[in-house]
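I sat down with this one over coffee and kept notes as I went. Here is what I looked up, entry by entry.

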Amino acid sequence: MGFAEALAADQVATGPPCSMSTAIAAQEGDDLAALMAALGDPKVTAASISRALTAVGHKVSGATVRRHCAGEC
């Protein structure tokens, strides 16, 4: 099997939304804008986003933030 076949065979199974998607959906207004800006800013770490989300009641790990940003969830 070549790379192209292996890549084509690698299908991500769909399931419930990831906890990051749930946290994003729960945000509104300035909080949503700040979260989306942070996710798009390479200077803001996944750990920082994780701590801020946890502080406001959304238990999301840094690894989950990284996976979400990479489109692997």
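**Entry 1: the cysteines**

Does C73 count as buried, partly exposed or exposed? I looked it up: C73 counts as partly exposed, at 47% relative accessibility. A reminder to myself before going on: this is a predicted model, and every value here is computed from it.

Next I checked C18, which is buried with a relative accessible area of 15%. I then wanted to know how many disulfides there are. The count is zero. For C18, the nearest cysteine sulfur belongs to C73 and lies 3.4 Å away, and C18 is in no disulfide. Why does the pair not count? A disulfide needs the two sulfur atoms within 2.5 Å, and the sulfur of C18 is 3.4 Å from that of C73, so C73 is in no disulfide either.

**Entry 2: the whole chain**

I stepped back to see the overall layout. The chain has five helices and zero strands, and along the sequence I read the pattern α-α-α-α-α.

For the dimensions, I noted that the C-alpha atoms fill a box of roughly 45 × 25 × 20 Å along the principal axes. The radius of gyration is 15 Å, whereas a compact globule of 73 residues would have one near 11 Å.

I also looked at burial: 22% of the 73 residues are buried. The chain exposes about 5200 Å², and carbon and sulfur atoms supply 58% of that area. Among contacts with a separation of 6 or more, 48% are between residues 24 or more positions apart.

**Entry 3: helix α5**

Then I turned to α5, which spans residues 62-69. Which of its residues are buried? I found G62, T64 and V65. They sit on the same side of α5, because they cover an arc of only 160° around the axis.

I asked myself what covers these buried residues of α5. The cover includes α2 (19-25), α3 (29-40) and α4 (46-55).

Just past the helix I made a note of G71, which follows α5 and has a positive phi, near 75°.

**Entry 4: Q27, in a loop**

Where is Q27? I found it in the loop between α2 and α3. Despite the loop address, I had to write down that Q27 is buried, with a relative accessible area of 13%.

I listed its partners, leaving out residues up to four places away in sequence: Q27 touches L32, L35, L53 and H58. With H58 there is also a polar contact, side chain to side chain, at 3.4 Å.

**Entry 5: K59, in another loop**

My last stop was K59, in the loop between α4 and α5. Is K59 buried or exposed? K59 counts as exposed, because its relative accessibility is 74% and the cut-off for exposed is over 50%.

K59 still has partners. Setting aside neighbours within four places in sequence, I found K59 in contact with S19 and T54. I also checked K59 against A23: they are 36 residues apart in sequence, and their C-alpha atoms are 8.6 Å apart in space.

**Entry 6: side by side**

Before closing the notebook I put the two loop residues next to each other. Q27, between α2 and α3, is buried at 13%, whereas K59, between α4 and α5, is exposed at 74%.

Note on methods:
Residues numbered from 1 in each chain as written. Predicted model: local features only at pLDDT ≥ 70, side-chain atom pairs only at ≥ 80, totals over all residues. Heavy atoms only, no water. Buried < 20%, exposed > 50% of the residue type's maximum accessible area, 1.4 Å probe, protein only. Helix = DSSP H or I, 4+ residues; strand = E, 2+ residues; numbered from the N terminus. Arc of directions from axis to C-beta. Contact = heavy atoms within 4.5 Å. Rg over C-alpha atoms; globule rule 2.2 N^0.38 Å. Areas by Shrake-Rupley, 256 points an atom, 1.4 Å probe, with all protein chains shown as cover. Polar contact = N/O pair within 3.5 Å; in protein donor to acceptor, adjacent residues only side chain to side chain.
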